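Let's take a walk through a protein together, one piece at a time. Keep the picture open as you read, and try to find each part as it comes up.

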Amino acid sequence: MRPLQLALRLAHLTWQRPGDVLRMSEADISGGVLRVQQGKTKAKLRIVIDGELKALLDDIASYKTTQMPASKVRVLSLLVNEKGDLVNVLSVRTLIRFLSEFYPAEIYNLPPDPDQVLTPPEGG
């Protein structure tokens, strides 16, 4: 589940969609900036690498070096699986399985707030 954790953290810190995160590569990083072209909107972004994002990218780099066998060709994608291969699918099933393992059952089983009352919208 480590690649999924890294993917979710990267998506959270960069505010990118899962597909955009999976396309990120080491070639997109230069001069302290992560360059991203969004798949849906085609917008080109420059995300400054500092703080938590820098720590995460360092963590990803160390994870990649431990997962890739010495005989294998280096993968430029930021995200690799436990075998050192390219991660190419981030499915809803995988996300839900991760969240169910990550968060305790007590959170999922909380009843709705009985005192919550919806207020009608103002205006026409």
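Below, we start with the overall layout, then visit the helices, the sheet and the salt bridges.

Before anything else, keep in mind that what you see is a predicted model. The protein has five helices and three strands. Start at the N terminus and follow the chain, and the elements come in the order α-α-β-β-β-α-α-α. So how much of the protein is buried? Of its 124 residues, 27% are. The protein exposes about 8,800 Å², and carbon and sulfur atoms supply 58% of that. Now think about who touches whom: among contacts between residues at least 6 apart in sequence, 45% join residues at least 24 apart.

Let's begin with helix H1, which covers residues 2-14. You can do a quick sanity check here: at 1.5 Å a residue, its 13 residues should span 18 Å, and the C-alpha atoms at its ends are indeed 18 Å apart. Which residues of H1 are buried? They are Pro3, Leu4, Leu6, Ala7, Leu10, Ala11 and Thr14. If you look down the axis of H1, these buried residues fall within an arc of 160°, so they line one face of the helix. There's a handy rule behind spacing like this: an α-helix has 3.6 residues a turn, so residues three or four places apart point the same way. Just after H1 comes Trp15, which takes a positive phi of about 60°.

Next up is the sheet. It's an open one with three strands, in the order S1-S2-S3, and the pairing is antiparallel. S1 and S3 stand at the edges with a single partner strand each, so one side of each has no neighbour in the sheet. As a bit of background, strands of a sheet pair through backbone hydrogen bonds, either parallel or antiparallel.

Now zoom in on the two pairings. S1 (residues 29-30) and S2 (residues 33-37) are joined over two bridges, and Ser30 stands opposite Val33 in S2. The hairpin these strands make has two residues between them, and Gly31 there takes a positive phi near 60°. How many bridges link S2 with S3? This pair has five bridges, with S3 covering residues 44-48. You can pick out partners across the gap: Val36 is matched with Leu45 in S3, and Gln37 with Lys44. S2 and S3 form a hairpin too, with six residues between the strands, and Lys42 in the turn has a positive phi of about 65°.

Move on to helix H3, residues 51-67. The same kind of check works here: 17 residues at 1.5 Å each should span 24 Å, and the end C-alpha atoms are 25 Å apart, which agrees. The buried residues of H3 are Leu53, Leu56, Leu57, Ile60, Tyr63 and Lys64. Seen down the axis of H3, they sit within an arc of 120°, so they line one face of the helix. On the other side of H3, Gly51, Thr65 and Thr66 are exposed. What covers the buried residues of H3? The cover includes H1, S1 and S3, so this is where the parts you've just met come together.

Last stop: the salt bridges. Side chains of opposite charge can pair when their charged atoms come close. A search of the whole structure finds four salt bridges, and here we'll look at some of them. One is between Asp59 and Arg9, whose closest N and O atoms are 3.4 Å apart. Asp59 lies in helix H3 and Arg9 in helix H1, so the pair ties together parts that are 50 residues apart in sequence. Asp59 is partly exposed, with a relative accessible area of 22%, and Arg9 is partly exposed at 37%.

Other pairs sit within one helix. Arg23 and Asp20 meet at 2.3 Å, N to O; they are three residues apart in helix H2 (residues 18-23), or about one helical turn. Is each partner buried or partly exposed? Asp20 is buried, with a relative accessible area of 4%, whereas Arg23 is partly exposed at 48%. In H3, Lys54 and Asp58 are four residues apart, again about one helical turn, and their side chains meet at 3.7 Å, N to O. Lys54 is partly exposed at 43%, and Asp58 is partly exposed at 44%.

Methods. Residues are numbered from 1 along each chain as its sequence is written. This is a predicted model: local features need pLDDT of at least 70, side-chain atom pairs count only at pLDDT 80 or more; totals for chains, interfaces and linings use all residues. Side-chain values use heavy atoms; hydrogens and water are left out. The expected span of a helix is 1.5 Å times one less than its number of residues. Buried means under 20% relative accessible area, exposed over 50%, partly exposed in between (1.4 Å probe, protein chains only). The arc is that of the directions from the helix axis to the C-beta atoms. Two strands pair if DSSP finds at least two bridges between them. Contact means heavy atoms within 4.5 Å. Accessible areas come from the Shrake-Rupley method with a 1.4 Å probe; for residues, only the protein chains shown count as cover.
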